[in-house]
Each structure stands twice: as structure tokens, then as C-alpha cells.
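The following report is meant for a reader who is meeting this structure for the first time. It goes from the core to the sheet, and then on to helix packing and two individual residues.

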Amino acid sequence: MDEQLRVTDCERCGGLVDSRSRIVNGVGPTDADLLFVGEAPGAQEDQEGEPFVGRSGDVLDEALRDAGLARPDVRITNCVRCRPPENRDPTSEELENCRGYLETEIDRVDPEVIVTLGKVPSEHLLERDVAVTSEAGELFDAQVAGETRRVLVSVHPAATLYDRSQEATFAATIERAGEFTDGGDQARLGEF
């Protein structure tokens, strides 16, 4: 764990400080080829201190497995590190308050591709409106902290729980993400 990527004390967003039980930092290797970015911790993430646990995490883990990837080999983080009350989307001010932490994490990890899980992180990093369901699986170049980064848009794993028609789109996007890993193609050879 790179201690420089851990946020241990932040009080920039009063409302989030009041609603969180802990700061939820990113997990996974600090040199991962794939960096998955969600919007903010939910109740279970806030309780356990790790992003994408619970039902959404199970969906993500299963898609990673199906693509020949493993959760311990990818990095998973959020745009905002504290849980918004009542599971609301983070505000633009909260996103901006946490932006430096996210940019530092992206810079230090230096992933081959950033996979945005849902509308909020997609719009936050691409800095434009994103039609996630129609743009899922597409790769874009984005300026993040002065560097050009490849961003792969994905629907949120939870979308597949509420709309089964999103399952194939999500699986195909995670499969495409796997193409950007050192062992991506090699890992899948064992399946044949």
C-alpha cells in the first residue's frame, strides 16, 4: 500500500464528514494496468472501508473473472472518498474537493486505462455530458492533471442488477478493459 495515496484526514466537505464513518481509499496495486473509478462509497463501502463491496462489488468481481482478470490485480477507487448521505450523487463541489486526491492516485498508479463505472465518474473525468448506456465500451482520451489518459466508459455494475439488458454491455466493456493488461491475452488462453 502506498501511504501517499491514502487520505487519512479530510474535512473539506462538512456534509460528507458528518455522514461518513470513515474515508474509503482506493484498493489494489499501485502499479495496476487498470484503474476502475466509481462515484462515491455507498453504505456497505463506508462500513467496510473498501470500494465496490456488496452486490455491485460481486457483479464487478464476476465480470473481472469472466474476462480473465482478478480483483487483486486491478485498482479500484472512487471520485469522492466519503459517503454522501442517503446514497445521493456527490455534488460538483464535493467532486472538486476530492479531485486532487483522485488525480494524485491516477498519476501515481499510471494505469494503461481508466474504467469509469457509471455516469458520475465518466462525466467527471471526461468533463462533458456522457450518455453512458450508448457510450459504454468506447475509449476516449481525457486530460487529467495535465496528462492525456485513456478513459473507457462503462455502465455501473449496479445497472445490471436493475436492468438485465445492461449485462452484455457491462461484460463486453470489462472484457475490452482486459485487453489493456500485460497478461490480458495470455490469461484468456487458458480458457481454450
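## Core, sheet and helices

In this predicted model, the largest nonpolar core has 48 residues, and those with the most contacts inside it are L34, F36, L60, F170 and I174. At least two residues of this core are supplied by each of the strands β1 (34–38), β3 (113–117), β4 (139–144) and β5 (147–154), and likewise by each of the helices α3 (54–66), α4, α5 and α8 (167–178). The largest share, 5 residues, comes from α4. As for F170, when its neighbours within four places in sequence are left aside, this residue is in contact with V59, L60, A63, L117, S154, V155, P157 and T160.

The strands β1, β3, β4 and β5 belong, together with β2, to an open sheet of 5 strands, whose order is β2-β1-β3-β5-β4 and whose pairing is mixed. At the edges are β2 (75–78) and β4, each of which pairs on one side only, and from one strand to the next the twist averages 35°. Strands of a sheet pair through backbone hydrogen bonds, either parallel or antiparallel.

Two of these pairings can be described in more detail. The strands β1 and β2 run parallel and are joined by 4 bridges, while β1 and β3 also pair in the parallel sense, over 4 bridges. V37 has a bridge partner in β2, namely T77, and V37 also stands opposite T116 in β3.

What is the direction of the side chains in β2, and are they buried or exposed? R75 and T77 point one way from the strand, whereas I76 and N78 point the other way, and all of them are buried. In a regular strand the side chains alternate between the two faces of the sheet.

The helix α4 lies across β1, β2, β3, β4 and β5, and runs at about 165° to β2. This helix, residues 92–109, also meets α5, residues 119–126: the axes of the two helices come within 12 Å and cross at roughly 80°. Because angles of 65 to 115 degrees count as roughly perpendicular, α4 is described as roughly perpendicular to α5. The contact is made by L95, E96, R99, L102 and I106 on the side of α4, and by V120, H124 and L125 on the side of α5. By type, the residues of this contact divide into 5 nonpolar, 1 polar and 2 charged.

Two further residues, E105 and R22, are set side by side below.

| Residue | Location | Relative accessible area | Contacts beyond four places in sequence |
|---|---|---|---|
| E105 | helix α4 | 0%, buried | L5, G26, R75, T77 and R81 |
| R22 | loop between α1 (14–19) and β1 | 36%, partly exposed | D46, Q47, E48, G49 and R81 |

E105 counts as buried because its relative accessible area, 0%, falls under the limit of 20%. Among the residues that E105 touches are R75 and T77, two residues that point one way from β2. R22, by contrast, is partly exposed, with a relative accessible area of 36%, and R81 is among its contacts, as R81 is among those of E105. Finally, the C-alpha atoms of R22 and D107, which are 85 residues apart along the chain, are separated by 24 Å.

Key:
Residues are numbered from 1 along each chain as its sequence is written. This is a predicted model: local features need pLDDT of at least 70, side-chain atom pairs count only at pLDDT 80 or more; totals for chains, interfaces and linings use all residues. Side-chain values use heavy atoms; hydrogens and water are left out. Axes are lines fitted to C-alpha atoms, for helices over the stretch in contact, and angles run from 0 to 180 degrees between N-to-C directions. Angles under 35 degrees count as roughly parallel, over 145 as roughly antiparallel, 65 to 115 as roughly perpendicular and the rest as oblique. Contact means heavy atoms within 4.5 Å. Ala, Val, Leu, Ile, Met, Phe, Trp, Tyr, Cys and Pro count as nonpolar, Asp, Glu, Lys and Arg as charged, and the others, Gly among them, as polar. A nonpolar core is a set of buried Ala, Val, Leu, Ile, Met, Phe, Trp, Tyr and Cys residues joined through side-chain atoms within 4.5 Å. Buried means under 20% relative accessible area, exposed over 50%, partly exposed in between (1.4 Å probe, protein chains only). Two strands pair if DSSP finds at least two bridges between them.
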